[in-house]
Amino acid sequence: MRRKIVITHNLEQNLFDQIKMVVPDWELIASKEKNIWQEHAKDAEIIAGWKKGLDEYCLAPDSKLKWLQSWSAGVNTLPLEKLEAHNILLTGASGVHAYPISETIFALMLGLTRKIHTYVQNQQAKTWHHANMKLEIHGKTIGIIGVGTIGKETAKIAKAFGMKVLGVRHSGQPAEFVDEMYTTDQLDALLPQCDYVVVTLPLTKETRRMFGAEQFKLMKPEAFFINIGRGEIVVEEEIVKALQEGEIAGAGLDVFEKEPLSQDSPLWELENVIITPHTSGSTEHYNDRVVENILIPNLKSYLSGEDPSINLVDYAKGY
């Protein structure tokens with residue numbers, strides 16, 4: 001039987017052909033339709049893209065799976081303990097989202113600062129009103145909580161606005177475009193300095209519910225909070241209270257504790273909140289970047305007998 005790769009997404013022909021050139025002797029199946037990939041999943045040595053129901057095939061005792069390439073950057077929704085127990089290599093798609101998510105971050109920051117969301121509402125009501133708009137983003141201080149690929153691109157853009165950039169990363173190691181770097185346990189020292197707090201962290205045991213009432217009280221009352229990481233990093237009822245009571249000026253939120261966001265959530269009604277439906281990473285170039293920048297280089301490493309070289313997940317850390 002030929003070695004087999006299953007990709008649980010539809011691919012453009014040029015991407016399919018690029019992969020096939022690397023593994024000409026392998027069987028390659030690429031389709032988002034379960035009735036197409038499911039019959040091949042148990043025999044696949046490599047699977048790219050996790051789908052509901054895959055575990056019954058690729059985590060079975062007779063599964064041939066050795067490496068799983070996630071199609072998303074976050075891997076917190078995957079059965080990590082089972083994958084680790086089966087000694088399956090896992091790689092994520094971190095790096096694909098740096099451009100679209102950093103664009104969304106600044107769209108939210110600028111929208112809140114220049115009251116674009118308010119003016120859109122006024123336009124719908126045919127209301128001509130200044131809305132007390134006065135803030136600008138230039139020269140302000142941004143705190144980027146999680147300086148990975150997205151955080152680095154955000155820091156780079158921030159410098160175009162002449163911003164002071166503070167960063168938080170687990171290692172505390174410096175990064176380009178970041179003026180001062182803090183470790184995670186120094187978060188409370190960073191928050192009072194920031195005009196914008198941007199969360200780009202993955203969801204792990206350490207980051208779950210990292211932002212609650214105590215953190216919002218430490219922020220400036222004129223500061224804005226942006227979360228494009230994971231909803232469960234924030235205690236939702238406590239950010240609602242902070243926004244309602246003016247402890248922070250506003251928030252741009254792309255992720256939530258439960259998605260879709262419940263229609264009875266107070267966040268929908270708050271005038272100082274912009275909501276996007278977990279779309280900050282959406283981009284026309286998504287598949288190209290996963291295949292060309294991550295999957296193919298990882299595949300070449302794998303074929304040479306090495307572990308995949310890009311975004312290899314450390315099961316102990318959860319990312």
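Here is a short chat about reading helix and sheet packing in a predicted model.

Colleague: Let's start with the sheet. What is the strand order, and how do the strands pair?

Modeller: Read the order from one edge across to the other. Here five strands form an open sheet, β2-β1-β3-β4-β5, with parallel pairing. Neighbours are turned by 10° against each other on average, ignoring direction.

Colleague: Which strands stand at the edges?

Modeller: Look for strands with a single partner. Those are β2 (27-30) and β5 (89-91), so each has one side left without a neighbour in the sheet. Further in, β1 (residues 4-7) and β3 (residues 46-48) pair in the parallel sense over three bridges. Val6 stands opposite Ile47 in β3.

Colleague: Now the helices. Which strands does α1 lie across, and which does α11 lie across?

Modeller: Check contacts, then direction. α1 lies across β1 and β2, at about 155° to β2. As for α11, its strands are β1, β3, β4 (67-69) and β5, and it runs at about 165° to β4.

Colleague: How do I read the angle between α1 and α11?

Modeller: Angles under 35 degrees count as roughly parallel. Helix α1 (residues 13-22) and helix α11 (residues 286-303) pack at about 5°, axes 10 Å apart, and are therefore roughly parallel to each other.

Colleague: Which residues of α1 meet α11?

Modeller: From α1, look at Leu15, Gln18, Ile19 and Val22. Their counterparts in α11 include Val291, Leu295, Ile296 and Leu299, along with Asp288, Glu292 and Lys300. By class, the α1 contact with α11 has eight nonpolar, two polar and three charged residues.

Technical notes
Residues are numbered from 1 along each chain as its sequence is written. This is a predicted model: local features need pLDDT of at least 70, side-chain atom pairs count only at pLDDT 80 or more; totals for chains, interfaces and linings use all residues. Side-chain values use heavy atoms; hydrogens and water are left out. Axes are lines fitted to C-alpha atoms, for helices over the stretch in contact, and angles run from 0 to 180 degrees between N-to-C directions. Helices (H or I, at least four residues) and strands (E, at least two) are DSSP runs, numbered from the N terminus. Angles under 35 degrees count as roughly parallel, over 145 as roughly antiparallel, 65 to 115 as roughly perpendicular and the rest as oblique. Contact means heavy atoms within 4.5 Å. Ala, Val, Leu, Ile, Met, Phe, Trp, Tyr, Cys and Pro count as nonpolar, Asp, Glu, Lys and Arg as charged, and the others, Gly among them, as polar. Two strands pair if DSSP finds at least two bridges between them.
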